[in-house]
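Biologist: I have a structure to go through, and I want the reasoning behind each label. Can you take my questions one by one?

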Amino acid sequence: MTKILFIEDDRDQIFLFKKRFELEQIDLIAAENSAEADQKILAEKPDLILLDILLGRENGLDILEKLKKKPKTQKIPIVVFTNYEKKEVRNRAQSLSANDFLLKIETTPDQLINRVKAVLAGKNPNWTAK
Amino acid sequence: MFLNRSPKPVYYNLIFMEDCLFYELTKDDFWLVPNNYAPKVLYYSHIPGMIVALLLIFLFVKNYKKKPLSIISILLLSAFFILSLVDLLTWNIVNMHWISFIWTIFYYIGPSTFILAYYLLHVFIWQKDFYFQQKLLLLSLLLPELIFALSRHGVAFFDAHACVIKETDWFSAYFYLVCIVLVLAAIYDYYCFSKKETPISKKKSLLVWAFGLFGLIYLGFDLVSTYLVNNGFTNNFVLDTYAYFSIPIFFAFWVYLIVKTNEFGFRLQETKVMFAVLFIVVGALILFIKNTDDRIMIIITWLITLVLGMIMIEKIKQGEEQKRSKLELLNRELKKLDQTKDEFITLASHQLRSPLTVIKGVSSLMVSGKINDFSKIEQQRFHEAAWNKCRKLEIIIADILNAAKFSNKKVDFMNTRTEWIDLRILMEKIVADFGYEIEEKGLIFEMEPEGIMAPRVFGQIRYLMEALTNLIHNAIKYTPTWQDEKAGVRGKIWVDVRQDPKQPQYVNVVIKDTGMGIPENDVPHLFDKFFRAENARMSQTEGNGLGLYIVKEIIKGHGGKIQVKSQVGKGTTMVVSVLIDPMSKANI
């Protein structure tokens, strides 16, 4: 069963996406901060990470940088999934080799599933969107 | 200056006489003064003043602005220049026809100088030009001068002994009358304006004093020298030439004000060039003069020019530097504001989108029919999530609108809907509204007994209620049920309303809790827009970071302040001090 780690601090969102992913036989595990994420990555070995940017005091970009630097985690595809729309953030995510950048507000659960499946299948992310 | 220069006039017929006979036409020290009669002080009273006038005219023309003050300055300087020149000529020309001709110019320029100086003063004080009719009236003061000049009424006789025209008493009287009327008009102007603007600005007062000084010196020397000559104390008009110091003095004040206010954009380079030229010209005079006394005078002038020039250049330098640093500061502030605004928009849109994401996600499941693939309980949970987010959106929109309103300073808390408010009653009401939440969370709530009744405060109840509600809500939200679960100690919130014992102009609302506390680093930013303390973010995902900003703005608007004492893990004490009567703030 495919496992996805959702680094996100809004419980309603976690519930929504977790349930929708279940219908696709995908297991969505949630982590609310980087410490929890580290722990879950070790324990669950997710196939993909969905990463929010504004996480309480933490910045999702820092987590992205850290994960992409660590040899153990750098191969896990990471999709930035946020409502924080800022050109600099988008560019930085790209330069830190995130696999995709999705705006939550523009993405329904169905669309998210399609994009996640595409990334898992190794297709090129749609970086030119914005 | 308009009077004869000899106590014993000798009558000559102009038709038969071309040159005045009594001068010994010897070349004196200086080409401009070919006779022994002309006083040496002429170098000092006229020539430097004329050079300065020319340079100033040049500067005014170069920095020409279509403002009345600019035009008046040019006219006044030109009038002064012509007056000085004409006076120099009358001292030196011995041809009667020429002197008679030049004397008519005197008739205009003398009073014109006075009229223009008054005009300048008036416009500077009121910062607006005269109406057309007023200008006409001012100009009409010159009309009798025209009659005097074109007819014989101004001239009593030609004094060939002194080589001057002797004016009629009518003419002299009229000239003094004009001067006195203008001085009185200046005093009246100042009086009227001081009623309108209190206190009257220093610059305006300064120019009025300069005008007064100008009149005093001008008329003073003229009258004294006339008196002395007419009464036979002396036969020399040297004292009269001192009257010419008055105009440069007036202009020194004026130029100082111009540089100070930078009204005409005089630049550093121009001032430097002007003073360099002036310095060289005045310095060059030393070479022409053989008389020791005059040389000393010129050297003194030279040194004064040097010092004044240096002071003025330094002043302009300082002014420009101040302006530059002020601009830089403003620029930095603007950039910061712009950044804050951008940040506000980015964060506000994030705050709005997050709840919408859930609402949209749930609705998309409903539209596609996929919601039916879930159990009833799960479906119920989806609906709840969407409902929660709708409520949250509602609050965020209200908060953002409030925050925007407060940051645009559009709210004047003291303007409308104000009343006297009993903060204790207000707090009791707010706490009662939260009764259910406090009980559900299992917290202990205590309100200190009243004791001495706190005075009521003046303000808008709906805003004060919003602010205090926000603080109580935070206290409940961030205080865990158990302070020490093992020992069975529950979390607790205290509230106290009391007049500040040390600063009796304030009523303090103290809200104390045994909550998680605020990290020390976060306290200074607690009331910033969109700021949330680190541990608050970790424990509570709800909250948009606008609540405390709104609280701060409301309390500030009521002339109050907030103090925060906090220790992580122990609790927080918020002391909100509200001014009893913000309207009488100045009296405290």
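**Between the chains**

Modeller: B:Thr346 touches A:Tyr84, A:Glu85 and A:Lys86, leaving aside residues up to four places away in sequence. This is a predicted model.

Biologist: What makes these touches?

Modeller: A contact needs heavy atoms within 4.5 Å. B:Thr346 meets that with A:Tyr84, A:Glu85 and A:Lys86. B:Thr346 is found in helix 12 of chain B.

Biologist: Why is B:Thr346 called buried?

Modeller: Its relative accessibility is 10%. Buried means under 20%. Therefore B:Thr346 counts as buried.

Biologist: Which residues of chain B does A:Asp10 touch?

Modeller: A:Asp10 touches B:Val358 and B:Lys389, not counting residues up to four places away in sequence. A:Asp10 is in the loop between strand 1 (2–7) and helix 1 of chain A.

Biologist: Is A:Asp10 buried or exposed?

Modeller: Buried. The cut-off is under 20% relative accessible area, and A:Asp10 has 9%.

**Chain A**

Biologist: How is chain A built from the N terminus on?

Modeller: The elements run β-α-β-α-β-β-β-α-β-α-β-α. That comes to five helices and seven strands. Of the 130 residues in chain A, 53% are buried. Chain A exposes about 5,900 Å², and carbon and sulfur atoms supply 48% of that area.

Biologist: What is notable about phi of A:Gln25?

Modeller: Phi is near 65°. That is a positive value in a residue other than glycine. A:Gln25 is found in the loop between helix 1 (11–23) and strand 2 (26–31) of chain A.

Biologist: Why is A:Gln25 called exposed?

Modeller: Exposed means over 50% relative accessible area. A:Gln25 has 55%, so A:Gln25 is exposed.

Biologist: And what about A:Lys45?

Modeller: Phi of A:Lys45 is near 45°, again positive in a residue other than glycine. A:Lys45 is in the loop between helix 2 (34–44) and strand 3 (48–51) of chain A. Its relative accessibility is 62%, so A:Lys45 counts as exposed.

Biologist: What makes you say that the charged end of A:Lys104 sits over the ring of A:Phe81?

Modeller: The distance to the ring centre is 5.9 Å. The limit for NZ of Lys is within 6 Å, along with an angle within 35 degrees of the ring normal. The pair is listed as a charge over a ring.

**Chain B**

Biologist: Where else does a charge sit over a ring?

Modeller: The charged end of B:Lys512 sits over the ring of B:Trp494, 4.8 Å from its centre. Chain B has 18 helices and 11 strands. Buried residues make up 47% of its 588 residues.

Biologist: How many aromatic pairs does a search of the whole structure find?

Modeller: The search finds 15 over all chains. One of them is B:Phe114 with B:Phe214, 5.0 Å centre to centre, with 25° between the planes. This pair links distant parts of the chain: B:Phe114 lies in helix 4 (residues 96–126) and B:Phe214 in helix 8 (residues 202–230), 100 residues apart.

Biologist: Why is the pair of B:Phe114 and B:Phe214 called stacked?

Modeller: Ring centres must lie within 6.5 Å, and planes under 30 degrees apart count as stacked. With 5.0 Å and 25°, B:Phe114 and B:Phe214 are stacked. B:Phe114 is buried at 0% relative accessibility. B:Phe214 is buried too, at 2%. One aromatic cluster holds B:Phe114, B:Tyr118, B:Tyr119, B:Phe130, B:Phe211 and B:Phe214.

Biologist: How do you know that B:Gln460 is buried?

Modeller: Its relative accessibility is 2%, and buried means under 20%. B:Gln460 is in the loop between strand 5 (457–459) and helix 16 (461–477) of chain B. Its contacts include B:Phe413, B:Arg417 and B:His558. B:Gln460 and B:Phe413 are 47 residues apart in sequence and 6.5 Å apart in space, C-alpha to C-alpha.

Biologist: Why is B:Leu306 called partly exposed?

Modeller: Partly exposed lies between the buried cut-off, under 20%, and the exposed cut-off, over 50%. B:Leu306 has 33%, so B:Leu306 counts as partly exposed. B:Leu306 is found in helix 12 (residues 292–368) of chain B. B:Leu306 belongs to a nonpolar surface patch whose members include B:Ile296, B:Val307 and B:Met310. Together the patch has about 870 Å² of accessible area.

Definitions and conventions
Residues are numbered from 1 along each chain as its sequence is written. Chains are lettered from A and ligands numbered from 1 in the order in which they are written. This is a predicted model: local features need pLDDT of at least 70, side-chain atom pairs count only at pLDDT 80 or more; totals for chains, interfaces and linings use all residues. Side-chain values use heavy atoms; hydrogens and water are left out. Patches are made of residues with over 30% relative accessible area and no salt bridge: like charges are joined within 9 Å, nonpolar side chains (Val, Leu, Ile, Met, Phe, Trp, Tyr) within 5 Å. Accessible areas come from the Shrake-Rupley method with a 1.4 Å probe; for residues, only the protein chains shown count as cover. A salt bridge is a side-chain nitrogen of Lys or Arg within 4 Å of a carboxyl oxygen of Asp or Glu. Helices (H or I, at least four residues) and strands (E, at least two) are DSSP runs, numbered from the N terminus. Buried means under 20% relative accessible area, exposed over 50%, partly exposed in between (1.4 Å probe, protein chains only). Rings of Phe, Tyr and Trp (its six-membered ring) pair if their centres lie within 6.5 Å; planes under 30 degrees apart count as stacked, over 60 as edge-to-face and the rest as tilted.
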